[in-house]
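Visitor: Before we begin, I would like each label justified as we go. Please set the value beside the rule and then conclude.

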Amino acid sequence: MTMENIFGFSISPSSTVNLDNVDLTLFNRLHELEPDAWKCMSCGSCTATCPAGNFSGMSLRKVLHALQRGKEKDAVKMLRCCMLCGKCSMVCPRGINTRHLILSICKLYKED
Amino acid sequence: MRERFLTGYNDFVLPFMIGMVFILTYCIIALIRIIGQLPKEDRRRFFISLITPKTLAKNIKDIFCDCLLHVKIWKRNKLLGYMHSSIAFGWFMLIVVGHIEVLLYTPHRAKLFYYPIFFRYFVAETETTMKGAVLFFLMDFFLLVVLSGIALAIIKRIRSKIFGMRRTTNPSFLDLVGLYSLWSIFPLRLLAEGFTADISGGSFLTKSLNYVFTSFLSDHANMLPSWWAYSCALGIFFCVLPFTRYMHIPSEILLIPLRNAGIKIRHARKGLAKAQVYSCPSCGLCIDACPMSVQKGNIKDTTVYLNRQIRRGNEVRIEEISDKCLLCGKCTAICPVGVEGDKLRIAQRSVRKYGLSPDYSSIDTASLAIDSRGKILYYAGCMTALTPSIRKAMESLLKKAGVEYELMDKDGGICCGRPMWMAGRFDQAKQMVEKNTGIIRNSGADTLLLSCPICYRIFKERYSLEGIRIVHHTEFIDSLISEGRLKIKRDPRKYVYHDPCELGRGSGIYEQPRNVLLRAGTLVEAAKNRKESICCGGSVGSLSLSFDKRKALTENALNNLTAASPDVIVTACPLCLSTFSRYADRKVEDIAETIDRNTSN
Ligand code: SF4
Ligand code: SF4
Ligand code: SF4
Ligand code: SF4
Ligand code: SF4
């Protein structure tokens, strides 16, 4: 009998990100192109309006988070369904030009 | 008339001949290249259109009206129109009458290129006839016409405001060479013919000048240098022409039949795009027209500069200019030669390379399926989700009129694809188009009702939904009222209607919303309206204009709308509504809200 059967929950894999081991060259390139990449305050307004959220769990907030932490795979997966509709840019309280930011991410990062 | 020289030749014709041979060779090669660059089916279409009587007649008419008479410029500003047509048409007539003279008097010289141009040098008048007098008069008359045009052009360089233009472009160095050589051609011609008029004959202009000259310069030795100068001016003009904005003269003659053949831009730089770019004479009308130009820093991002940078191949600037534009389409609407600034920019955007390409194949449309057989399918659009008042008003109106409907995107749907299309990512946009087409077809609806003009445009242009009526709510409300299904009452308010870019210029809907508003209250017009309406500044067309940079554009658009001091600004687009609401000093609402308030049944 294993532990989880007794307590009803298991130990999830660690989600710790060691920023010392993360390669941020690409993100820094993105930041050069898009100074706004660090401007996001993770309010989540973009996510709340995003029509792609239903389909791929797209959340610009999470994408930026993931990229800042070097978790590019997660970001790329979410971005797959962005329709560039621009609703996020209309609600962002920080006035980030989200569509341009998304297009720049699409230019710099690659699918792997 | 008799010939003065047996050879019919003098060395001074050389500069002209060199220029002429050069420009002809250049144009023929350019013509073959552009036609070669067209996709196969377009090329076929083009050739067929050239032998179809209807398009052929239209080509001739358009070339005559646009290239020679400049009818479109006349409509904009009479003085500017006169300036253009006097130079173009006057010059054309000088060439035509010159050829007639040669054919009449020295038909054996007709094969010499230069003969009609320098006719007066080579002949001497033997007897005066009525026929000759008429031709001479015509020649002098058209020379005077051209000279008056040149005089206006010189004044325009110094004071462009008289011509109703606030801003014009700065000419490049070669443009200036072209400009000065063009300006000098006709005064030099007058001088040369003036010196020769006592031998070759002339009319009121050249003859009178000759009397003046002979009174103090009786020596015929002055004759040859002036003919040399005239020929040199022509030669220089022709030699620099391909590298200046004057290339628009031959390019436009190609652009008109291409356009009449119904050919579209298929490549960022080749074929039609190239013909358009070279047809731009840098008139600068698109600078004042562009809503971005209220900010000085954006002036260099207007269409005339896009054309210039594409000619120069300056990739960095091309990208900047293409990305900034709001794609409002106003430059395209007012351009007298038919450069499509918005479409050209989308084409530039479409050649970008991306590492990541969204892919919607994983989206399961089954969850979005809807049954609306016999009903109207209402797709409010994602922008409308941010302005729920529009949808609410529209639903209320549908209920009042007793229209049965289903919502297609109640819990969010797939974007119509137009914003993606504007970003130049056609493959992605097409995927969305396909998904939505499937949903609509399967719903069984016979009418698709839309509230967002951005959606409306792509549904009209890129979706194949034969058999399904696609309507914007402005049209729909208009038809409900005229069918008597909505009872509308007037209120004392003064309304102004803002033409959203995608609905007006984009889809040609101007009258229906006005019809509707006329019944709701007093309708006043904005200073610039309909085809010349000013973009709200919120357009998803611009990729790079940031939020704070748009404020000035919105304020300018608002000033335009409030010229006749209306109480309420009415629009028909969710994006315009939210953009204007941000900065307006009075009420802004959607037309559906206005009508919902004014109907009771
Ligand atoms: S542009 Fe992309 S991320 Fe932004 S709201 Fe639209 S689908 Fe979502
Ligand atoms: S709305 Fe703007 S600030 Fe808020 S999470 Fe999205 S990008 Fe960041
Ligand atoms: S694009 Fe059209 S309006 Fe603009 S300068 Fe050229 S010809 Fe004139
Ligand atoms: S489409 Fe509109 S914003 Fe873009 S250049 Fe033309 S006038 Fe300016
Ligand atoms: S055009 Fe705008 S409002 Fe219409 S579906 Fe696309 S993103 Fe949404």
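Guide: This is a predicted model. Start with ligand 1, which has around it A:Cys50, A:Pro51, A:Ala52, A:Met58, A:Cys82, A:Met83, A:Leu84, A:Cys85, A:Gly86, A:Cys88 and A:Ile102.

Visitor: What makes these the residues around ligand 1?

Guide: The cut-off is a heavy atom within 4 Å. A:Cys50 and A:Ile102 are among the residues that meet it for ligand 1.

Visitor: How does the shell around ligand 1 divide by class?

Guide: There are ten nonpolar residues, one polar residue and no charged residues. Cysteine counts as nonpolar and glycine as polar under the rule used, so A:Gly86 is the polar one.

Visitor: How do you know where ligand 5 lies with respect to the chains?

Guide: Ligand 5 lies between chains A and B. Its surrounding residues include A:Cys85 from chain A, and B:Tyr379, B:Gly381, B:Cys382 and B:Cys455 from chain B. In chain B, α18 (382-386) and α22 (453-462) each supply at least two residues of this shell. By class the shell around ligand 5 has ten nonpolar, one polar and no charged residues.

Visitor: Which classes appear in the shell around ligand 4?

Guide: Seven residues are nonpolar, two polar and two charged. Lys and Arg count as charged, so B:Lys330 and B:Arg345 are the charged pair in this shell. Other residues around ligand 4 include B:Cys290, B:Thr303, B:Leu327 and B:Cys331.

Visitor: Why is B:Leu327 called buried?

Guide: Buried means under 20% relative accessible area. B:Leu327 has 3%, so the label buried applies. This residue sits in the loop between α15 (315-324) and α16 (330-334) of chain B. Its phi is near 55 degrees, a positive value in a residue other than glycine.

Visitor: What makes B:Ser565 partly exposed?

Guide: The band for that label runs between the 20% limit for buried and the 50% limit for exposed. B:Ser565 has a relative accessible area of 45%, so it is partly exposed. B:Ser565 also has a positive phi, about 35 degrees, although it is not a glycine. Its place is the loop between α25 (551-561) and β9 (568-571) of chain B.

Visitor: How many disulfides are there over all chains?

Guide: The count comes to zero. B:Cys501 is in no disulfide, and the nearest cysteine sulfur to its own is that of B:Cys535, 3.9 Å away.

Visitor: Why is the pair B:Cys535 and B:Cys501 not called a disulfide?

Guide: A disulfide needs two cysteine sulfur atoms within 2.5 Å. The sulfur of B:Cys535 is 3.9 Å from that of B:Cys501, so the two are too far apart for a bond.

Visitor: Are B:Cys501 and B:Cys535 buried or exposed?

Guide: The limit for buried is under 20%. B:Cys501 is at 12% relative accessibility, so it counts as buried. B:Cys535 is at 1%, so it counts as buried too.

Visitor: What lines the second largest pocket?

Guide: The lining has 32 residues, and B:Lys264, B:Ile265, B:Glu340, B:Lys343 and B:Arg462 lie nearest the centre. The pocket has a volume of about 790 Å³. The largest share of the lining, four residues, comes from α17(B). By class the lining has 13 nonpolar, six polar and 13 charged residues.

Visitor: What makes a space a cavity, and how many are found?

Guide: In a cavity a 1.4 Å probe fits but cannot get out. A search of the whole structure finds 13 cavities of 30 Å³ or more. The largest cavity has a volume of about 220 Å³.

Visitor: Which residues lie nearest the centre of the largest cavity?

Guide: They are A:Ser89, A:Met90, B:Gly538, B:Phe547 and B:Arg550, out of a lining of 20 residues. α7 (87-91) of chain A and α26 (574-583) of chain B each supply at least two lining residues. The lining divides into seven nonpolar, ten polar and three charged residues.

Visitor: What can be said of chain B as a whole?

Guide: Chain B has 27 helices and ten strands. Of its 601 residues, 57% count as buried. The domain assignment gives domain 1 (2-15 + 77-244), domain 2 (375-479) and domain 3 (488-597). The C-alpha centres of domain 1 and domain 3 of chain B lie 52 Å apart.

How values were computed. Residues are numbered from 1 along each chain as its sequence is written. Chains are lettered from A and ligands numbered from 1 in the order in which they are written. This is a predicted model: local features need pLDDT of at least 70, side-chain atom pairs count only at pLDDT 80 or more; totals for chains, interfaces and linings use all residues. Side-chain values use heavy atoms; hydrogens and water are left out. Buried means under 20% relative accessible area, exposed over 50%, partly exposed in between (1.4 Å probe, protein chains only). Domain bounds come from an automatic or database domain assignment. On a 1 Å grid over the protein atoms alone, a cavity is a set of points where a 1.4 Å probe fits but cannot get out, and a pocket is an open set with protein on both sides within 12 Å along at least five of seven lines; lining residues have an atom within 4 Å of a point. Grid points are joined across faces, edges and corners, and a volume is the space filled by probe spheres set on the points.
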